Amino acid sequence: MNLAKYEHPPETQCPLKYASIVTINLSEYDRPGGKERLAQKFKQYVHQVGFFYITNIGLSQEEIDLQFAIAKAFFELPEEERLRYRAPLEEGSYNGYRPLGALSLFPGMQDTLEFYSIFKSIPQSKRSHPDLITKYSAEIERFSRFMHEDVSFKILRILATMLELPEDQFVDGNRYEDECDSSIRYMLYHARSREENKAFDDVYFRGHTDKGTMTFLFQQPISALQVQQTKDKDWEYLKIPAGSVAVNIADTLQFLTNGYLKSGFHRVIAPPNDQAHLDRLGLLYFVRPTDKLQWKSLDSPFLQKEGYGKTTTQNDQDVSGLDWWRAGVRARTGANYISSAARTT
Ligand SMILES: O=C(O)CCC(=O)C(=O)O
Ligand SMILES: [Fe+2]
């Protein structure tokens, strides 16, 4: 069976308040002096706000849409088959399928989304997959390696350059061959009726920051993802058109830089009226810290100059980034997201 070309649903016609955030042309990186120029741009824009867009990342629209097509086909598999590949969530790992209703959004009200995570193609993360995924394993591996070693490493090197840290400071804690829970994620939000949305207070995914290193969110015509750029600002929608990818700085980078980099606060709510009946398919790539990353924050002349130098070892821990990450997932298995302790995911 060959997959049909994935057709993205039409954008909403409803007037919405979209966030104005900076776009970084990643092809600039490969030009002479490009990394340094981008580091200057990041200094201006990326310090206060945990979100930005990137363009010209180096993957074709066909390659990206193939991932959407695989995602769509995965969620069309019978539930019984999807459940056969359930992730060991209780051990703190998302490697595989997270079924519908894994978390409660309100007491007794389970979430209405499901996702399938495909970890890096390394021996430590090997697991069985449905035939559909196995059939496309070469394309999936190429996508995952490219997002990880090309796109995310460019950004990690730009950030390290900006922070006056060794260029590979962040890359070394996120190497492809080291163990971590970085993954492609295919994600499906099930449409809910007006009454259900009311009962859920329109929430699909509570306001949170991501716990990893950074997250990439691909084209998403169904407007439901909102960001809060800074604490004093209102929620605003993100518009992620074809050709752009939204990047979300996550908790690990915030921790390592003593809060200089901000982990983006975001949530997913019910789509506007003209899209409310549509299931929402998502494609994401999560970069998460490895077993080589030491959970100790950093210091640099730049961070000191900016007032974010390291002044305490109080928040450091004798754990790896991987262990820190998994402890977080274990702690929230089945958790009620109503608890303010669960503001990260
Ligand atoms: O579906 C989205 O647009 C965002 C999902 C998200 O925030 C997450 O999975 O952490
Ligand atoms: Fe998130």
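In what order do the four strands of the open sheet lie, and is their pairing parallel or antiparallel? In this predicted model, the order is 8-13-10-11 and the pairing is antiparallel. Strand 8 (203–208) and strand 11 (236–237) occupy the edges of the sheet; each has a single partner strand, so one side of each is left without a neighbour in the sheet. Strand 11 is joined to strand 10 (residues 225–228) by two bridges in the antiparallel sense, and across this pairing Val 227 stands opposite Glu 236 of strand 11. In general, the strands of a sheet pair through backbone hydrogen bonds, in either a parallel or an antiparallel arrangement.

A further set of pairings is centred on strand 9 (residues 214–217), which runs antiparallel to strand 12 (residues 244–249) and is joined to strand 12 by four bridges. Within this pairing, Leu 217 is placed opposite Ala 246 of strand 12. Strand 9 also pairs with strand 14 (residues 280–287), again in the antiparallel sense and over four bridges; here the bridge partner of Thr 215 is Phe 286 in strand 14. In a regular strand, side chains alternate between the two faces of the sheet. Strand 9 shows two directions of this kind: Met 214 and Phe 216 point one way, Thr 215 and Leu 217 point the other way, and all are buried.

Two domain annotations were taken from the UniProt record. An unreviewed entry places the feature "domain: Isopenicillin N synthase-like Fe(2+) 2OG dioxygenase" at residues 201–289. This span is 7% helix and 39% strand, and its end C-alpha atoms lie 34 Å apart. The annotation "domain: Non-haem dioxygenase N-terminal", likewise from an unreviewed entry, covers residues 23–127. Over residues 23–127 the chain is 31% helix and 22% strand, with end C-alpha atoms 37 Å apart.

At the level of the whole protein, nine helices and 14 strands are present. The C-alpha atoms fill a box of roughly 55 × 45 × 40 Å along the principal axes. The radius of gyration is 19 Å, which agrees with the value near 20 Å for a compact globule of 345 residues. Of the 345 residues, 40% count as buried. Among contacts between residues at least 6 apart in sequence, 77% join residues at least 24 apart.

Technical notes. Residues are numbered from 1 along each chain as its sequence is written. Chains are lettered from A and ligands numbered from 1 in the order in which they are written. This is a predicted model: local features need pLDDT of at least 70, side-chain atom pairs count only at pLDDT 80 or more; totals for chains, interfaces and linings use all residues. Two strands pair if DSSP finds at least two bridges between them. UniProt positions are given in the numbering used here, feature names are shortened, and annotations may be inferred rather than shown by experiment. The radius of gyration is taken over C-alpha atoms; the globule rule is 2.2 Å times the number of residues to the power 0.38. A residue is buried if 20 or more other C-beta atoms lie within 10 Å of its own, exposed if 12 or fewer, and partly exposed in between; C-beta atoms are placed from the backbone. Two residues are in contact if their C-beta atoms, placed from the backbone, lie within 7 Å.
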